[in-house]
Amino acid sequence: MARVVKEHEYAVRRDEILDVAQRLVQTKGYEAMTIQDILDRLSISKGAFYHYFGSKGELLEGILERMLTEVEGRVTPIVHDPELTALDKFHRFFSLVAAWKTAQRDFVLALLRVWYTDENAVVRQKTRTMMVRRVSPLVTSIIQQGVRERVWATPYPDAVGEVVLSLLQDMSDALAEV
């Protein structure tokens, strides 16, 4: 009889795997980290790991998605704060993201070492698409407020939100190259 895993148990175990993987990326590096390292630290079987992640690449996607979810959770209250002007929201939004990256500096640097390898091109593109899909509505909301406040003028706030996010991603890519 197959074991039934409740949704909460599934999320907890998945987070445990991601926690260990994130620590290993920081201490050992993504390329040097093996699935076996994760299995050994958690005392789980290969089958258990592959129940949550189909590959090391999917594990990397999971780490990145969790990071995005964390940042998204922190910036969303700023976007929806009725007391802030659009300019204040923009400033706080990007200041918070910069502060978060600084607080995660060692991990972010460890990720950058592998981020631009050819093997991770698909993960990079998926992550970029996910970021645009999830974060550009937040930026768009700020731009729409700015239009209402007559700080900005555009008939296409959605497109401007995507362009702003794309420019920031391109700038991040250029800085990472340096």
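In the predicted model, helix α7 is kinked by about 40° at V135. The kink lies shortly before the proline P137. Helix α7 runs from residue 121 to residue 148 and thus comprises 28 residues. From its first C-alpha to its last, α7 reaches 39 Å, which is close to the 40 Å expected at 1.5 Å a residue. The kink at V135 is therefore to be read alongside an end-to-end reach that remains close to the expected value.

The end of this helix is followed by a further local feature. Just after α7, R150 adopts a positive phi of about 65°. This residue belongs to the loop between α7 and α8, the latter spanning residues 157-177. Most residues other than glycine have a negative phi. R150 is not a glycine, yet its phi is positive. With a relative accessibility of 77%, R150 counts as exposed, because the cut-off for that class is over 50%.

A positive phi is also found at S43, where the angle is near 55°. S43, likewise a residue other than glycine, is located in the loop that connects α2 (residues 35-42) and α3 (residues 46-52). The relative accessibility of S43 is 67%, so this residue counts as exposed. Both positive phi values described here thus occur in loops, that of S43 between α2 and α3 and that of R150 between α7 and α8.

With regard to the overall fold, the protein contains eight helices and zero strands. Read along the sequence, these elements give the pattern α-α-α-α-α-α-α-α. The C-alpha atoms fill a box of roughly 60 × 40 × 25 Å along the principal axes. Contacts within the protein were examined for residues at least 6 apart in sequence; of these contacts, 65% join residues at least 24 apart.

Burial and surface composition were also computed. The protein has 178 residues, of which 37% count as buried, that is, they have under 20% relative accessible area. The exposed surface of the protein amounts to about 10,800 Å². Carbon and sulfur atoms supply 55% of this area. As for charge, the protein carries 23 positive and 25 negative charges, and the mean positions of the two sets are 3 Å apart.

Technical notes. Residues are numbered from 1 along each chain as its sequence is written. This is a predicted model: local features need pLDDT of at least 70, side-chain atom pairs count only at pLDDT 80 or more; totals for chains, interfaces and linings use all residues. Side-chain values use heavy atoms; hydrogens and water are left out. Helices (H or I, at least four residues) and strands (E, at least two) are DSSP runs, numbered from the N terminus. Buried means under 20% relative accessible area, exposed over 50%, partly exposed in between (1.4 Å probe, protein chains only). Contact means heavy atoms within 4.5 Å. Accessible areas come from the Shrake-Rupley method with a 1.4 Å probe; for residues, only the protein chains shown count as cover. Lys and Arg count as positive and Asp and Glu as negative; His and the chain ends are not counted. The place of a charge is taken as NZ of Lys, CZ of Arg, CG of Asp or CD of Glu. The bend at a residue is the angle between axes fitted to the seven residues ending there and the seven starting there.
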